[in-house]
Amino acid sequence: MTDLKAEIENAYYKIQKAKERKELLIANKTLELIKKDLDREESFKNAQQVTFSFLLDTIKVDDVSLFSASSTALLKTCFKLAILIASCNESSFLYPRLALLDNVEDKGMEEIRSQNLQKLIVEE
């Protein structure tokens, strides 16, 4: 019983560490992407950290989750793109290697900002 308990704890620890590493890859890529936005959202330009929770359905930049509609659309698109990139680069990801980015020209985003985002997607 002791050996089995230790084996289960070890497996759980490995799963947690792998999850944390994957979440960090996604968060860091999202951070990198939002910093390439035009200077429309001060919080994005000087951002230090992106955090997210699938359970709570949240994405935060430096612990802030409320942005203008266009900045929120951009953040969500960058997050989806970060998941795709991380999934393509890391074979152990179980996320699909397909992204539907349906709000690139949404939520009142100005044309030049949308075009910058599209250029960023193509570059990535």
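A residue counts as buried here when its relative accessible area is under 20%, as exposed when that area is over 50%, and as partly exposed in between. Keep those words in mind for the walk that follows. What you're looking at is a predicted model.

Let's begin with the whole chain. The protein has 124 residues, and 34% of them count as buried. Its C-alpha trace spans about 65 × 30 × 20 Å along the principal axes. You'll find 4 helices and 2 strands in the chain, and starting from the N terminus the elements follow the order α-α-β-β-α-α. If you take the contacts between residues at least 6 apart in sequence, 54% of them join residues at least 24 apart.

Now start at the front of the chain, with helix α1. This helix covers residues 2-34, and its 33 residues should span 48 Å at 1.5 Å a residue; the C-alpha atoms at its two ends are indeed 48 Å apart, which agrees. Which residues of α1 are buried? They are Lys22, Ile26, Ala27, Lys29, Thr30, Leu31, Leu33 and Ile34. Several elements help to cover them, including α2 (42-45), both strands, α3 and α4 (111-123). One name from that buried set, lysine 22, turns up again in another role: lysine 22 lies over the face of phenylalanine 93, at 5.4 Å from the ring centre.

Next come the strands. β1 and β2 pair in the antiparallel sense, with 4 bridges between them. To see one of the pairings, look at threonine 51, whose bridge partner in β2 is lysine 60. Follow β2 along and its side chains alternate: Ile59 and Val61 point to one face and are buried, whereas Thr58 and Lys60 point to the other face and are not.

The turn of this hairpin is worth a stop too. There are 4 residues between the strands, and aspartate 57 takes a positive phi near 55 degrees there. Aspartate 57 isn't a glycine, yet its phi is positive all the same. Is aspartate 57 buried or exposed? Its relative accessible area is 72%, so it belongs with the exposed residues. Further on, in the loop between β2 and α3, sits aspartate 63. Phi of aspartate 63 is positive as well, near 65 degrees, again in a residue other than glycine. With 60% relative accessibility, aspartate 63 also counts as exposed, because the cut-off is over 50%.

Time for some aromatic rings. The model holds 4 aromatic pairs. One of them brings together phenylalanine 52 and phenylalanine 54: their ring centres are 5.3 Å apart and their planes meet at 65 degrees, so this pair is edge-to-face. The angle settles the matter because planes over 60 degrees apart count as edge-to-face. The two residues differ in how much they show. Phenylalanine 52 has a relative accessible area of 15% and is buried, while phenylalanine 54, at 46%, is partly exposed. Both belong to an aromatic cluster that Phe52, Phe54 and Phe79 form.

That leads us to helix α3. It has 21 residues and reaches 30 Å from its first C-alpha to its last, close to the 30 Å expected at 1.5 Å a residue. How many of the residues of α3 are buried? The count is 15 of the 21, so α3 is largely enclosed by the rest of the structure.

For a closer look inside this helix, pick serine 71, which lies in α3 (residues 69-89). Its relative accessibility is 1%, so serine 71 counts as buried. What does serine 71 touch, leaving aside neighbours within four places in sequence? Its contacts there are Glu41, Phe44 and Arg113. The side chain of serine 71 also makes a polar contact, at 3.1 Å, with the side chain of serine 68. And if you trace the backbone, the C-alpha atoms of serine 71 and aspartate 37 are separated by 9.4 Å, although these two residues are 34 residues apart along the chain.

Terms used
Residues are numbered from 1 along each chain as its sequence is written. This is a predicted model: local features need pLDDT of at least 70, side-chain atom pairs count only at pLDDT 80 or more; totals for chains, interfaces and linings use all residues. Side-chain values use heavy atoms; hydrogens and water are left out. Buried means under 20% relative accessible area, exposed over 50%, partly exposed in between (1.4 Å probe, protein chains only). Contact means heavy atoms within 4.5 Å. Rings of Phe, Tyr and Trp (its six-membered ring) pair if their centres lie within 6.5 Å; planes under 30 degrees apart count as stacked, over 60 as edge-to-face and the rest as tilted. A charge sits over a ring if NZ of Lys or CZ of Arg is within 6 Å of the ring centre and within 35 degrees of the ring normal. A polar contact is a pair of N or O atoms within 3.5 Å; within protein, one must be able to donate a hydrogen and the other to accept it, and residues adjacent in sequence count only if both atoms are side-chain atoms. Two strands pair if DSSP finds at least two bridges between them. The expected span of a helix is 1.5 Å times one less than its number of residues.
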